[in-house]
Structures are given as C-alpha cells and as structure tokens.
Amino acid sequence: MTDTDYSPAGRIEVSAPHRELLDQVLDRWSLQVLSELCEGPARFNVLRKRIPAVTQKSLTGTLRRLERNGIIERNVISTRPLAVEYRITPLGKTIKRPIDAILAWANTYMPSIEAARISYDDAVQ
C-alpha cells in the first residue's frame, strides 16, 4: 500500500507526509507567493512589496518550505551586491491546475459555505 491509497470503499487515505506537504503548499502565504511566481521570477523585496501583509520572517519561512519541497528554486545572481531571485520549478508549475480547481470550487460554493457558517454560528450562540 502506498502513502496515499484508496481503501476498498474507494475512500482516499491521507498519510502524515501528504498532510504535511498540503499544509506547507496550501497555506496563506504559499498560495500568494506561488501566484506571484507563476507570473515570473521575482526577488525577495519584490515579493514583499507585492504581498504587503507578509512579514519578512513569514516570507523567508514560506520561501524555504517551498524550496525544500521542490516547488520553487532560489537563484543567486552575480551582481554587486549579490541578488537572489526566486522562480517556480517545473514541478511547481504542475501544482497550478489543482490549485486553480480548488479556487474555482471555492468560488462556486462560497455562497453555500457562507450560509452554512451563518447557520452554524447562529446555532452555537
């Protein structure tokens, strides 16, 4: 049996490594960084300007996690002073379609989700 496999009932079993990867790739800052890097390579400070709510520490951690997972790559540019540019990898490009599908689903069902949230909140109060 593989880490993620179908049970006899057709249910997908999600293992700890898969949960960890999804947590690292689908978190708030990672989605925004990936959205920016899908448009083209960018330097750290450019990413900070394009994602103004992210702190330097959060952006650094996000970039390191994405690089560790092979989703983006870090290139040192030999200029004075040295510059670092981030770009999406071929593996990283393969995640765009699934993310777009999840975002399309969320867009389609957001009214139902909002109604469910209101109903839940009203019932809990």
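Two strands count as paired here if DSSP finds at least two bridges between them. In this predicted model, strand β4 (residues 72-77) and β5 clear that bar, with 6 bridges joining the two in an antiparallel run. β4 and β5 also make up a hairpin, and 5 residues sit between them. The loop between β4 and β5 is where Pro 81 is placed, and the peptide bond leading from Arg 80 into Pro 81 turns out to be cis, with omega near -10°.

On its other pairing, β5 (residues 83-88) goes with strand β3 (residues 42-43), again in the antiparallel sense, over 2 bridges. Put together, this gives an open sheet of 3 strands in the order β3-β5-β4, with antiparallel pairing. β3 and β4 stand at the edges with a single partner strand each, so one side of each has no neighbour in the sheet. As background, strands of a sheet pair through backbone hydrogen bonds, in either a parallel or an antiparallel way.

The register can be read off residue by residue. Tyr 86 in β5 is the bridge partner of Ala 42, and Tyr 86 is also the bridge partner of Arg 74. Glu 85 likewise shows up twice: Glu 85 is the β5 bridge partner of Arg 43 as well as that of Asn 75.

Side chains add a link of their own across the hairpin. Glu 73 and Arg 87 meet in a salt bridge at 3.9 Å, N to O. With Glu 73 in strand β4 and Arg 87 in strand β5, the pair ties together parts that are 14 residues apart in sequence, so the contact bridges the two strands. Across the structure, the count of salt bridges comes to 6. In general terms, side chains of opposite charge can pair when their charged atoms come close.

Away from the sheet strands, Asp 27 is worth a look. Asp 27 sits in the loop between α1 (16-25) and α2. The Asp 27 side chain makes a polar contact with the side chain of Ser 30, at 2.6 Å. Setting aside neighbours within four places in sequence, Asp 27 is in contact with Leu 22 and Arg 65. As for Asn 69, the C-alpha to C-alpha distance from Asp 27 is 14 Å, with the two positions 42 residues apart in sequence terms.

Then there is the empty space. The largest pocket holds about 190 Å³. Helices α2 (28-39) and α6 (96-124) each supply at least two residues of its lining, and α2 provides the largest share, with 5 residues. The lining includes Leu 31, Leu 34, Ser 35, Cys 38 and Glu 39. Also among the lining residues are Ile 88, Gly 92, Ile 95, Lys 96, Ile 99, Asp 100 and Leu 103. By type, the lining of the largest pocket splits into 7 nonpolar, 2 polar and 3 charged residues.

Note on methods. Residues numbered from 1 in each chain as written. Predicted model: local features only at pLDDT ≥ 70, side-chain atom pairs only at ≥ 80, totals over all residues. Heavy atoms only, no water. 1 Å grid on protein atoms, 1.4 Å probe; cavity = no way out; pocket = protein on both sides within 12 Å on 5 of 7 lines; lining within 4 Å. Points joined across faces, edges and corners; volume = space filled by probe spheres on them. Helix = DSSP H or I, 4+ residues; strand = E, 2+ residues; numbered from the N terminus. Nonpolar A, V, L, I, M, F, W, Y, C, P; charged D, E, K, R; others polar. Contact = heavy atoms within 4.5 Å. Polar contact = N/O pair within 3.5 Å; in protein donor to acceptor, adjacent residues only side chain to side chain. Salt bridge = Lys/Arg side-chain N within 4 Å of Asp/Glu carboxyl O.
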